[in-house]
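Here is a structure to get to know. The questions below ask why its parts are labelled as they are.

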Amino acid sequence: MPRSPFLVIAFACALTSASYSLDDKKDELKLTADEEAVIELTNAERKKADLKPLKVSPVLMIAARKHGENMAKQDKLDHVLDEKDPAQRAKDAGYKSEFVGENIAWKQKTAKDVLTAWMDSKIHRENILLEEFTEIGVAVTKNSKGELYWVQVFGKP
C-alpha cells in the first residue's frame, strides 16, 4: 500500500462468540496519557452525537496494544497482519463478542490530530459513532523511527 504522510484505515466485522475469560492481571491495565486522551476525545465526539460513552475494556486494550506493537515492529499499517484480522485478534485476546471494529492510523503527532483525521473520514467516523459499540481499547506505539501508530478497537459484549 502506498504511504501518504498521514494514513488512517477503518475496519468493522462480525465475530462469533468465544468462550474465553479475563485473568485478574488484565483488569489492572494502566492507561498512558495518549491512550486516555484518545478515549476522552472519542467519547466527546459520541457525546456530541447524543451517544453513550464507550467503556474501557481491558481485553480490547490488550488486542489494540498487541496490534499496535506488531504494526510498529513490522513498520506496516494494516488491519490484517500475520493473517489475523481485528476479529481474530479480539478473539485471541479473549474478547467475547459478536461485533468488533477497528480504526488505525500512522504518523499523527497527537491524540487530537488522530481524532480529527478519523472524524474527517466517513468510515472512521462511523466506527466512532456506531451506537452498537459500547466498549473500546486503544493503543499508541512507536516504530524504530519514532513514528506513531494509533489503534482503536471497538466492541459490544
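Q: Why does P53 count as buried or exposed?
A: This is a predicted model. P53 has a relative accessible area of 55%. Exposed means over 50%, so P53 is exposed.

Q: Where is P53 found?
A: P53 is in the loop between α2 and β2.

Q: What does P53 touch, not counting residues up to four places away in sequence?
A: P53 touches N43, R46 and T134. In addition, the C-alpha atoms of P53 and I136 are separated by 9.6 Å. P53 and I136 are 83 residues apart along the chain.

Q: What makes S57 buried, exposed or partly exposed?
A: The relative accessibility of S57 is 4%. Buried means under 20%, so S57 counts as buried. S57 is found in the loop between β2 and α3.

Q: Which residues is S57 in contact with, leaving aside its neighbours within four places in sequence?
A: S57 is in contact with Y95, E135 and I136.

Q: How do you know whether P157 is buried or exposed?
A: P157 has a relative accessible area of 61%. The cut-off for exposed is over 50%, so P157 is exposed. P157 is placed in the segment after β5.

Q: What is P157 in contact with, leaving aside its neighbours within four places in sequence?
A: P157 is in contact with Y95, K96, S97, T134 and E135. The C-alpha atoms of P157 and S57 are separated by 9.7 Å. Along the chain, P157 and S57 are 100 residues apart.

Q: Why is S97 called buried or exposed?
A: The relative accessible area of S97 is 2%. Buried means under 20%, so S97 is buried. S97 is found in the loop between α4 and β3.

Q: Which backbone oxygen does the side chain of S97 reach at 2.9 Å, and which at 2.6 Å?
A: The side chain of S97 reaches the backbone oxygen of F99 at 2.9 Å. The side chain of S97 reaches the backbone oxygen of K156 at 2.6 Å. A polar contact needs a pair of N or O atoms within 3.5 Å.

Q: What is said of the phi of D50?
A: D50 has a positive phi of about 60 degrees, although D50 is not a glycine. Most residues other than glycine have a negative phi.

Q: What makes D50 buried or exposed?
A: D50 has a relative accessible area of 73%. Exposed means over 50%, so D50 is exposed. D50 sits in the loop between α2 and β2.

Q: Why does D75 count as buried, exposed or partly exposed?
A: D75 has 24% relative accessibility. Buried means under 20% and exposed means over 50%, with partly exposed in between. D75 therefore counts as partly exposed. D75 lies in the loop between α3 and α4. D75 has a positive phi of about 55 degrees, although D75 is not a glycine.

Q: How do you know what to call the arrangement of α3 and α4?
A: Helix α3 and helix α4 pack at an angle of about 125 degrees, with their axes 9 Å apart. Roughly perpendicular covers 65 to 115 degrees, and roughly antiparallel is over 145. The angle falls in neither range, so α3 and α4 are oblique to each other. The crossing of α3 and α4 is right-handed.

Q: Which residues make the contact of α3 and α4?
A: V59, L60, I62, A63 and H67 of α3 meet R89, A90 and A93 of α4. These residues divide into six nonpolar, one polar and one charged.

Q: What makes α2 and α5 oblique?
A: The axes of α2 and α5 cross at roughly 40 degrees and come within 9 Å. Roughly parallel means under 35 degrees, and roughly perpendicular covers 65 to 115. The angle lies between these ranges, so α2 and α5 are oblique to each other. α2 passes α5 in a right-handed crossing.

Q: Which residues of α2 and α5 meet?
A: D34, A37, V38, L41, T42 and E45 in α2 meet A111, K112, V114, L115, W118 and M119 in α5. By class, the contact has eight nonpolar, one polar and three charged residues.

Q: How many helices and strands does the chain have?
A: The chain has six helices and five strands. Along the sequence, the pattern is β-α-α-β-α-α-β-α-α-β-β. Buried residues make up 46% of the 157 residues.

Terms used: Residues are numbered from 1 along each chain as its sequence is written. This is a predicted model: local features need pLDDT of at least 70, side-chain atom pairs count only at pLDDT 80 or more; totals for chains, interfaces and linings use all residues. Side-chain values use heavy atoms; hydrogens and water are left out. Axes are lines fitted to C-alpha atoms, for helices over the stretch in contact, and angles run from 0 to 180 degrees between N-to-C directions. Helices (H or I, at least four residues) and strands (E, at least two) are DSSP runs, numbered from the N terminus. A crossing is left-handed if the near helix is turned anticlockwise from the far one by less than a right angle, and right-handed if clockwise. Contact means heavy atoms within 4.5 Å. Ala, Val, Leu, Ile, Met, Phe, Trp, Tyr, Cys and Pro count as nonpolar, Asp, Glu, Lys and Arg as charged, and the others, Gly among them, as polar. Buried means under 20% relative accessible area, exposed over 50%, partly exposed in between (1.4 Å probe, protein chains only). A polar contact is a pair of N or O atoms within 3.5 Å; within protein, one must be able to donate a hydrogen and the other to accept it, and residues adjacent in sequence count only if both atoms are side-chain atoms.
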